[in-house]
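This report describes the model shown below, beginning with one helix and its packing and then turning to the sheet, the ligand shell and the chain as a whole.

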Amino acid sequence: MTYLILEGLAKRYGDLTVVEDISLEIERGEFLSLLGPSGCGKTTTLQMVAGFTEPTRGRILLEGRDITRTRPEKRGMGIVFQSYALFPHMSVAANIGFGLEMQGMARSERGQRISETLELVRLDGLADRFPRELSGGQRQRVAVARALAIRPNVLLLDEPMSNLDAKLREEMHIELRAIQKKLGITTILVTHDQIEAMTMSDRIAVMHGGKIVQVSTPFEAYERPRSAFASSFLGKTNCIAARITERQPNCCRVQMGGLNVRIPHESAQYADEIQVYIRPEKIRVATPTDSRISSVVRARMFLGNHWAMEVEGPLGRLRVNIPNVGIPPAVEGDTVHLAWQDEDMRMLDAETAHG
Ligand SMILES: Nc1ncnc2c1ncn2[C@@H]1O[C@H](COP(=O)(O)OP(=O)(O)OP(=O)(O)O)[C@@H](O)[C@H]1O
């Protein structure tokens, strides 16, 4: 049986529809991210799962049980908010023990659970501190510990890492994912950070305008985005207006910027006018004989592990990422020859492209 089911969830405030129609099936132990830009309805969806916001329409089922109208504290879920929402006048241990006390757990058992949880988030030794005596990263760990201490059936994370600096955030991604796997806890993360979603999730639900536009593994979402929105939201991409000139069973002949290319496809039907997508890292600098086009380097930036170049040529302006192999590539004004594989181009209907 699917562990957690969101069935046609919608939320309206007066005339404003903020969540339109969210349906999702989440397996026990799965880590799923709701990824999308600010205002797309991620937090509202999470709040409906948590029970803080009542859906206008739809149902939430946990292990087959309808919990749509169940009070938040009766749902047994653990929540970590962006602001952490720690109790400032309580010690770390008291913060973590609060939920356990509410559950009626005996004091001795509580002490044991608090130390186990502190160890889990690597905060042993800080039990008697107060939130104001902790760094941002440590506060975040206390918030996670507080959510985990009650052994929740579902862990809900609302942008919990957004207040941490980049390095700490990356460490927390790895650590939180390890804890989640170790405990086998079903988790929903709300984020607008694609790296966060990609590094931690089993599946990503990409949201746009109150709807889910794609649910897939991070790799699928990145490699086979089903809309321009998903394509550009998950990493950078080049988008080229093109036209289909010939259709074959497994591929199309496509005209783009004077170039005739062959693009493989699996099944989809396309209109004549399409957009072709190609990721910057799939384009490489080639020799004149095995290149597809030549373009002029307009800008280049060094980003440590790669060079990001902007080039201009028959396909317009393209972003090209060149791995850093220890030798600086062409400079501004130089002409470069570029190549890529047929398989690295993706087609979307010009119309779907806007969805
Ligand atoms: N109580 C409310 N009354 C009216 N409108 C609301 C209410 N709560 C949220 N909204 C609106 O619903 C929309 C979606 O908000 P929501 O917080 O779910 O988005 P989000 O995707 O989580 O964005 P962010 O990443 O900025 O938190 C926004 O336009 C917001 O202004």
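## Helix H3 and its packing

In this predicted model, the buried residues of helix H3 pack against two other helices, H2 (92-102) and H4 (136-149). The buried positions in H3 include Ile114, Thr117 and Leu118. These residues cover an arc of only 100° around the axis, which puts them on the same side of H3. The face turned away from that buried side carries Ser108, Glu109, Gln112 and Glu119, which are exposed.

The length of H3 can be checked against its residue count. The helix comprises 14 residues (107-120), and at 1.5 Å a residue it should span 20 Å; the C-alpha atoms at its ends are 20 Å apart, so the two values agree. Arg122 follows H3 and has a positive phi, near 60°.

## A five-stranded antiparallel sheet

Five strands form an open sheet in the order E15-E19-E16-E17-E18, with antiparallel pairing. Strands E15 (284-285) and E18 (316-323) stand at the edges; each has a single partner strand, so one side of each is left without a neighbour in the sheet.

At one edge, E15 pairs with strand E19 (residues 335-339) in the antiparallel sense over two bridges, and Arg284 stands opposite Ala339 of E19. Strand E19 also pairs with strand E16 (residues 293-302), in the antiparallel sense and over four bridges; here Val296 has Thr335 in E19 as its bridge partner. At the other edge, strand E17 (residues 306-313) and E18 are joined by eight bridges, again in the antiparallel sense. One bridge partner in E18 is Ile322, which is matched with Trp307.

## The ligand shell

The residues around the ligand are Tyr13, Leu16, Val18, Gly36, Ser38, Gly39, Cys40, Gly41, Lys42, Thr43, Thr44 and His192. By class, this shell has four nonpolar, seven polar and one charged residues.

Strand E2 (16-26) and helix H1 (42-50) each supply at least two residues of the shell. The largest share, three residues, comes from H1.

## Leu24 in strand E2

Strand E2 also contains Leu24. Is Leu24 buried or exposed? It has 20 C-beta neighbours inside 10 Å and therefore counts as buried.

Leaving aside neighbours within four places in sequence, Leu24 is in contact with Leu6, Ala205, Ile212 and Val215. Leu24 and Ile60, which are 36 residues apart in sequence, have a C-alpha to C-alpha distance of 9.7 Å.

## The chain as a whole

The protein chain has eight helices and 20 strands. Taken along the principal axes, its C-alpha atoms fill a box of roughly 75 × 50 × 35 Å.

Of the 355 residues in the protein chain, 34% count as buried. Among contacts with a separation of 6 or more, 63% are between residues 24 or more positions apart.

Note on methods. Residues numbered from 1 in each chain as written. Predicted model: local features only at pLDDT ≥ 70, side-chain atom pairs only at ≥ 80, totals over all residues. Pairing = 2+ DSSP bridges. Expected span 1.5 Å × (residues − 1). Buried ≥ 20, exposed ≤ 12 C-beta atoms within 10 Å, placed from the backbone. Arc of directions from axis to C-beta. Contact = placed C-beta atoms within 7 Å. Near = placed C-beta within 6 Å. Nonpolar A, V, L, I, M, F, W, Y, C, P; charged D, E, K, R; others polar.
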